[in-house]
Amino acid sequence: MGYGGVPVLRRLNLRIDQDDRIALLGRNGEGKSTLSKLLANKLQAAEGRIIRHSKLRIGYFAQHQVDELHIDETPLQHIQRLRPEEGQPRLRARLAGFGLMADQAETVVGRLSGGQKARLSLLLATIDAPHLLILDEPTNHLDMESREALVEALTEYPGAVVLVSHDMHLLGLVADRLWLVKGGAVEPYTEDLDAYRRQLLAGDEVKSEAKPLEKPKKISRDDMLALKAEVRRCEEILTKLNDMRDKLAKKLADPALYEDARKGELATWNAKYGEVMNGLDRAEAMWLAAQEKLEAAT
Ligand SMILES: Nc1ncnc2c1ncn2[C@@H]1O[C@H](COP(=O)(O)OP(=O)(O)O)[C@@H](O)[C@H]1O
Ligand SMILES: [Mg+2]
């Protein structure tokens, strides 16, 4: 399959079952979005065939989905169109379930924040309870609240999920199968996410044949112990930050916090959460660097 007769992906032989949770890995431009659109029936294969159950419902969410919203209509009008038979209370409850409260339900889309628009798009993509949900970089430009809501929704989602994301945390929570999109092929990735991330960070070609390594330098026993201590220290920091993140996420999942009267409190917790997430990024990078040094030395 490809564009204008030029193939991007060739000779795919893939199968998706109803409880599969698949992450598509691969560098930019390798064809993850192309495969997502093929699976979502948004693009046709030039050759070959796809067999789907005749009643299969598919939901598709990508960031540009937001551009397909009608900017002069409200979220309520959007779902009314899809669910004309449902009463206002039911529709409003659906919106609230995606964090769009009474005010936003009747604000025209053009005046909503990026995160609010993304949440509306996600609601529209999942309103039919699709058997297969395809998400192409869903967290890009999502605010923290929406990101947490998405993580929660996805981990509890009963159907099949195909997910493209650079967010390793999200991938780790959601995916239990990995497919690597590379060089026009799509194959199961045999290693785990950590291995994939290490390869990415090391700037290695993913899944490449082993390259000749630099000759390892002899290091002293003391240096070795210092390296090990550094790795342990990073792990302790990571554990602490992860705990903090989990606690904050729990706090932020409390609907009562989103009442108007508690706006200030919410802002404080949100800011704390942002700090912890930044800290986690830094701590992870430190841990990786320490780990690599240690590996190079042993
Ligand atoms: N609409 C299009 N027309 C022509 N080429 C496209 C189009 N969309 C994507 N491509 C090309 O197909 C290849 C795969 O792109 P894409 O599926 O977006 O990769 P990824 O999502 O992995 O970054 C790229 O070389 C890209 O330039
Ligand atoms: Mg893409």
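Helices in this tour are DSSP runs of H or I with at least four residues, strands are runs of E with at least two, and both are numbered from the N terminus. With that in mind, begin with the whole chain of this predicted model, in which there are ten helices and eight strands.

**The whole chain.** Before selecting anything, turn the C-alpha trace so that its principal axes can be followed, along which it spans about 75 × 55 × 30 Å. Of the 298 residues in the chain, 26% are buried, and among the contacts with a separation of 6 or more, 73% join residues that are 24 or more positions apart.

**The two domains.** Next, colour residues 2-201 as domain 1 and residues 221-297 as domain 2, following the domain assignment of the chain. The C-alpha centres of domain 1 and domain 2 are 27 Å apart, and where the two meet, five residues of domain 1 are in contact with seven residues of domain 2. On the domain 1 side, select α6 (144-156) and α8 (193-201), each of which supplies at least two of the residues that touch domain 2; α6 gives the most, with three residues. Sorted by class, this side of domain 1 has two nonpolar and three charged residues, and no polar ones.

**The surroundings of ligand 1.** Now select ligand 1 together with the residues that surround it, namely Tyr3, Val8, Gly26, Asn28, Gly29, Glu30, Gly31, Lys32, Ser33 and Thr34. Which helix gives the most to this shell? It is helix α1 (residues 32-39), which provides three residues. The shell as a whole divides into two nonpolar, six polar and two charged residues.

**Helix α5.** Move on to helix α5 (residues 114-126), whose 13 residues should span 18 Å at 1.5 Å a residue, and whose end C-alpha atoms are indeed 18 Å apart, so the expected span and the model agree. This helix is mostly covered, since ten of its 13 residues are buried; highlight the buried ones, including Gln116, Lys117, Arg119 and Leu122.

**Ala249 in helix α9.** Finish at Ala249, which you will find in helix α9 (residues 221-252). Why does Ala249 count as partly exposed? The reason is that 17 other C-beta atoms lie within 10 Å, whereas a buried residue would need 20 or more and an exposed one 12 or fewer. From there, draw a distance to Asn270, which is 21 residues from Ala249 in sequence and 9.3 Å from it in space, taken from C-alpha to C-alpha.

Key:
Residues are numbered from 1 along each chain as its sequence is written. Chains are lettered from A and ligands numbered from 1 in the order in which they are written. This is a predicted model: local features need pLDDT of at least 70, side-chain atom pairs count only at pLDDT 80 or more; totals for chains, interfaces and linings use all residues. A residue is near a molecule or strand if its C-beta atom, placed from the backbone, lies within 6 Å of it. Ala, Val, Leu, Ile, Met, Phe, Trp, Tyr, Cys and Pro count as nonpolar, Asp, Glu, Lys and Arg as charged, and the others, Gly among them, as polar. The expected span of a helix is 1.5 Å times one less than its number of residues. Domain bounds come from an automatic or database domain assignment.
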